[in-house]
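Reader: Could you take me through one part of this model at close range? I would like to start with one chain and then see how the rest fits around it.

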Amino acid sequence: MITVKNLRKKYGSKVVLKGINLNVEKGECVVIIGPSGCGKSTLLRCINGIEKVTSGKVIFEDKDINNPKVDINKIREKMGMVFQQFNLFPHLTVKENIVLAPIKLKLMSKEDANKKALELLELIDLKDKVDMYPSQLSGGQKQRIAIARSLIMNPDVMLFDEPTSALDPEMVDEVSNLMKDLAKQGMTMIVVTHEMSFVKECATRVIFMENGNIIEEGTVKEIFENPKSDRLKEFLSKVK
Amino acid sequence: MEVLFNVWGEIVKFFQSIWDNFYQTIIYDNRYLYILEGLFNTLIIALFAVIIGIVIGVLIALIRNNYDRNNKFKLLNKISTLYVNIIRGTPQILQLMIIYYIIFKSVDINIVIVGIIAFGINSGAYVSEIIRAGIESIDNGQIEAGYSLGLNYSKVMRYIILPQAIKNILPALGNEFITLLKDTSVGAYIGIVELTKASDIIASRTYDYFFPLIIVAIIYLILTIGLSKLISMMERKLSNDYC
C-alpha cells in the first residue's frame, strides 16, 4: 500500500533522513520508535507530503506522491494524519471540525456528514461535546476528536505522529485505547509513539530508527525480546 | 440692581453674539449644506475605499503568502511587493495628485470617484500587510491539519486560516479604517468637497473659522468613535465564539 524508496531529506546541510526503505501492507500496524530527533516524525510527514522529500520516492496505492501530475490533495483524502498538538480548528465547533473537509470537498452532503459525525462522536464517546469549541475540551478529548476528523474521510491508512506525547498522563489511555480499537478493526496504521503498551499490544511490525536510518525492524517479540543492535538494547532499557 | 441688570445684559449679549456667529457661518445662505455634502462625500469615499482596500489587501496578502509558502505566482509576487513599497514609500497626498493630475488628466471623471480609487489603492497596501501578518500569526499546524484532510491551499486559507487571522488582526484593521476615514481630508487638496474642505469653503466666505472647524471636528470625532465602538463590538462577538 505504501512504499518508501531510498528516501532522503535534508534541511539545509542537515541530513535528517538518510535513505529510508519501507513497505507497508494493507492491515498492518507499523510502529516507529526511536530517540527524539531521529527523523521519525519527518518520515511520517514526508509520507503524506507535508514535507517535500529531497530525493527518493513515496508510492501510495501505485501513485508517486511527489509526481507533480499526481493530485496530492486526492491522496491526502485517503491518508489520515493525527498530530501531536491535535491541530483542531479553534474557530469551529467539534462537529464543524469533523464535517469541514467532507463537505467542502463535496464528498458528502451536509446531512450525511452531520449524521456520520454524530456516529463517530458516539463511537468515541463524545457525543455530548458536539457543539463545543476545542478550547472547552481536555487534551485527550481533543485528540480523540482529531482522530474522528480523520476517520470521517474513510482513509485507507492513518498516520499518527506522537498522538499521546502532548497529553497529561491520565489522558494517554483514552487516546491509546481508541487507537487500539482502530488497529484491531484492521485499519492500516503507521504510528510514531513512545507509548509502549500500544506498541506491544497492536504493532504488527516495529521499526527502530536512529539518526535518520532504520536500525532494526521486526515483530514486537523480535524487537523487545531479542534486540540485535546495542543501540536498540540501550534505547529499550531507557524506555521500559 | 442696576449692576445685576448689566451683568444679565452682558450674558444675553454674549449668547446673542454666539448665536449670530453660528447663524452667519452655518445657517445663513444654507451654508450647512456644504457640511452635509462634505459629510456625504467623506462617508462615500471612506466606505468604498475600505471595500477596495480589503479586496486588494486580501488578494495581495494571499499572493505573497502563496509565494512565500509554495513558491507560486513569482511575477505577481514581484508586482505586489513593488506596489506595497511604492504606496508605503510615497506621501498619500502625492499619490492622490498623481492619480488626479496625471493618470486621469484627460479623462472626464467625477472627482469623488478619483478619491475613492486613490484612497482604496493606498489602503490596500496597508491592509495587505496587516492581513499577511495575520496569516503568519496562525500556527503552522493549522495549515498542515487542513492539508492532511485533502483541502488545497485556497480552501485551507478560506475556511481555516483567514477566519482565525481576521480575529487576530481586527484591532489593527480597525485602526487602519479610522486612519482612512480621517485621511480622506487629504482629498481637499485636489478639490474634493469632503468635510474638511466644506468647513474651509464656509470659513472663506465668512472669515470666521470657529464654528465651521469645531463642528467638523465634532463630526469626525462622532464618526471615528462610532467606528471604533463598532469594531470592538465585532471583536467581542468573535471572542465570545471561542477561546
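What share of the 243 residues in chain B is buried? Please take a close look at that chain, and then at where it meets chain A.

Author: Happy to. This is a predicted model, so please read everything below in that light. To your question: buried residues account for 41% of the 243 in chain B.

Let us begin with the overall build of chain B. It has 9 helices and 0 strands, and from the N terminus its elements run α-α-α-α-α-α-α-α-α. Its radius of gyration is 24 Å, well over the 18 Å that the globule rule gives for 243 residues, so chain B is more spread out than a compact globule. Along the principal axes, its C-alpha atoms fill a box of roughly 90 × 50 × 25 Å. Among contacts in chain B between residues at least 6 apart in sequence, 76% join residues at least 24 apart. The chain exposes about 13,400 Å², and carbon and sulfur atoms supply 67% of that area.

Some of that surface can be looked at residue by residue. B:Val3, B:Val7, B:Trp8, B:Ile11, B:Val12, B:Phe14, B:Phe15 and B:Ile18 form a nonpolar surface patch, with about 780 Å² of accessible area together. One of these residues, B:Ile18, has its place in helix H1 of chain B, which covers residues 2-27. With a relative accessibility of 32%, B:Ile18 counts as partly exposed. As background for reading the spacing of residues along a helix, an α-helix has 3.6 residues a turn, so residues three or four places apart point the same way.

Moving on along the chain, B:Asn30 lies in the loop between H1 and helix H2 (32-70) of chain B. Here the backbone is worth a glance: phi of B:Asn30 is near 55 degrees, a positive value in a residue other than glycine. B:Asn30 is also partly exposed, at 41% relative accessibility.

Now to the partner. Chain A has 9 helices and 10 strands. Its radius of gyration is 18 Å, close to the 18 Å that the globule rule gives for 240 residues, so chain A is as compact as a globular protein of that length. Its C-alpha atoms fill a box of roughly 55 × 45 × 30 Å along the principal axes. Of its 240 residues, 56% are buried. Chain A exposes about 10,600 Å², with 46% of this supplied by carbon and sulfur atoms. For contacts in chain A with a separation of 6 or more, residues 24 or more positions apart account for 65%.

For a view of the inside of chain A, try A:Ile147, which lies in helix H5 (residues 139-151). A:Ile147 is buried, with a relative accessible area of 0%. Leaving aside residues up to four places away in sequence, A:Ile147 touches A:Val82, A:Met158, A:Phe160, A:Val175, A:Leu178, A:Met179 and A:Leu182.

Chain A has its own loop residue with a positive phi. A:Glu61 lies between strand E4 (55-60) and strand E5 (63-64), and its phi is near 45 degrees, although it is a residue other than glycine. At 30% relative accessibility, A:Glu61 counts as partly exposed.

That brings us to the place where the chains meet. Here 20 residues of chain B are in contact with 23 residues of chain A. The two chains bury about 1,900 Å² between them, 64% of it on carbon and sulfur atoms. On the chain B side, B:Glu144, B:Ser148 and B:Leu149 lose the most area to chain A, together 31% of what that side buries.

B:Glu144 deserves a second look. The rule finds 1 salt bridge across the interface, and the side chains of B:Glu144 and A:Arg45 meet in a salt bridge, at 2.6 Å from N to O. A:Arg45 is one of the buried residues of helix H1 of chain A, along with A:Lys40, A:Thr42, A:Leu43, A:Leu44, A:Cys46 and A:Ile47. In that helix, residues 40-47, 7 of the 8 residues are buried, so it is largely enclosed by the rest of the structure. After this helix comes A:Gly49, whose phi is positive, near 80 degrees.

Notes:
Residues are numbered from 1 along each chain as its sequence is written. Chains are lettered from A and ligands numbered from 1 in the order in which they are written. This is a predicted model: local features need pLDDT of at least 70, side-chain atom pairs count only at pLDDT 80 or more; totals for chains, interfaces and linings use all residues. Side-chain values use heavy atoms; hydrogens and water are left out. Patches are made of residues with over 30% relative accessible area and no salt bridge: like charges are joined within 9 Å, nonpolar side chains (Val, Leu, Ile, Met, Phe, Trp, Tyr) within 5 Å. Accessible areas come from the Shrake-Rupley method with a 1.4 Å probe; for residues, only the protein chains shown count as cover. A salt bridge is a side-chain nitrogen of Lys or Arg within 4 Å of a carboxyl oxygen of Asp or Glu. Helices (H or I, at least four residues) and strands (E, at least two) are DSSP runs, numbered from the N terminus. Buried means under 20% relative accessible area, exposed over 50%, partly exposed in between (1.4 Å probe, protein chains only). The radius of gyration is taken over C-alpha atoms; the globule rule is 2.2 Å times the number of residues to the power 0.38. Contact means heavy atoms within 4.5 Å. Buried area is the accessible area (1.4 Å probe) that two parts lose on being put together, summed over both.
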